[in-house]
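User: Please take a close look at one helix in this structure and explain it step by step. Then add what can be said about pairs of charged side chains.

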Amino acid sequence: MILDRFRLDGKVALVTGGTRGIGLAIAKALGEAGATIVISGRNASPQAAEQLTAAGITHHFVAADLRTLEGADEMVAETLSKEGRLDILVNNAGVAIHGDSGEFSDEIWREIMSVNVDAVFRGCRAALAPMRRQGGGTILNIGSMSGIVSNIPQNQVAYNSSKAAVHMMTKSLASEVAAENIRVNAIAPGYIETDLSRGGIENPDWFPIWQRMTPMGRVGQPEEVASAALFLCSQASSYVTGEVLVIDGGYTTR
C-alpha cells in the first residue's frame, strides 16, 4: 500500500522549536504517522503537551537553548538517553527580526545567524553520529521563501541571508551524506499564520502587499507545511534528497 510509505512507526523524531506554530504542527503530523516525538524549546509548553496527548501521540520535551555552543549536542544526547535512537531531526527553531540595514546592529545580526544558521548546522552535526550508527536517518531543515526572493515591504536582509544559508547547507550536506542512507531536505514556507507572522498579518501597511503578491490570495496554515514535512520525513520521499520544497501559495512565481 502506498499509504504505508507515509507511516513512521518505530521512529523517533526530534523537532526543534516544536512547542508552537509550524514546529508543533509538524510534531503532530509525524506523531499521527506513528513516530515517537521529542519536542525541544527553551521552555516547556503545557498547551503543546496537551495537544499531543489529546491526539494520542507519545512525546517528550527536551529543554534546549540552541544559541549556545553546547545546546544542540545536549539536546541530541538527551533525546538518545530517553529514546535510544534518533531517526528524524527537524530543524525548525528560528527568529525573524526586521530593520533598515544601515541601522542594523552586529548584536541583532549575530542573534539571527546564531539561531537560524549556526544552530541548524550544529543540530545536523549532532544528529549525524547516531544516524550513522543506525544505518540512516532523515534531516529536514525549515528555510523560507525569503531565502529565494527578497519579499517586501519589510526590510529583512539578515533573515533572508540566514534562510538562503539554510538552503545551501541542506544541499551541501545532502550530497555529502547521501551514500550513508541519510537524506537531507528543506521546506521553504511563505507566509504562514503563526505567532511569528502575526505582527505582519495584523500590519495594515504590510499585509495587503503580502496578500496581493501571493497568487492564492491568503496566508497558509501550519498544517499545510506539516503535510509536506511528513512526506519528506517518510519513505514516501525515499529518492528525494537535497531539495528545497517551496510552500508559499505561489508567491515565488511572481
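Analyst: E74 and S81 are exposed, on the other side of helix α3 from its buried residues. Exposed here means a relative accessible area over 50%, buried means under 20%, and partly exposed lies in between (1.4 Å probe, protein chains only). Helices (H or I, at least four residues) and strands (E, at least two) are DSSP runs, numbered from the N terminus.

The model is predicted, so local features need pLDDT of at least 70 and side-chain atom pairs count only at pLDDT 80 or more, while totals for chains, interfaces and linings use all residues. Residues are numbered from 1 along each chain as its sequence is written, and side-chain values use heavy atoms, with hydrogens and water left out.

The buried residues of α3 are G71, A72, M75, V76 and T79. They line one face of the helix, because they fall within an arc of 125 degrees when seen down its axis; the arc is that of the directions from the helix axis to the C-beta atoms. An α-helix has 3.6 residues a turn, so residues three or four places apart point the same way. Among the elements covering the buried residues of α3 are the strands β1 (12–16), β2 (36–41) and β3 (59–63), together with helix α4; contact means heavy atoms within 4.5 Å.

Helix α3 runs over residues 71–83, which is 13 residues. The expected span is 1.5 Å times one less than the number of residues. For α3 this gives 18 Å, and its end C-alpha atoms are 18 Å apart, so the two agree. Just after α3, G84 has a positive phi of about 85 degrees.

Next come the charged pairs. Side chains of opposite charge can pair when their charged atoms come close. A salt bridge is a side-chain nitrogen of Lys or Arg within 4 Å of a carboxyl oxygen of Asp or Glu, and the whole structure holds nine of them. One of these joins D87 to R85, at 2.7 Å from N to O. D87 is buried at 5% relative accessible area, whereas R85 is partly exposed at 30%.

Another salt bridge pairs E180 with R132, again with the closest N and O atoms 2.7 Å apart. E180 sits in the loop between α5 (157–177) and β6 (182–189), and R132 in helix α4 (residues 106–134), so the pair ties together parts 48 residues apart in sequence. E180 is partly exposed at 31%, and R132 is partly exposed at 39%. Elsewhere, R20, D195 and R198 form one network through salt bridges that share partners.
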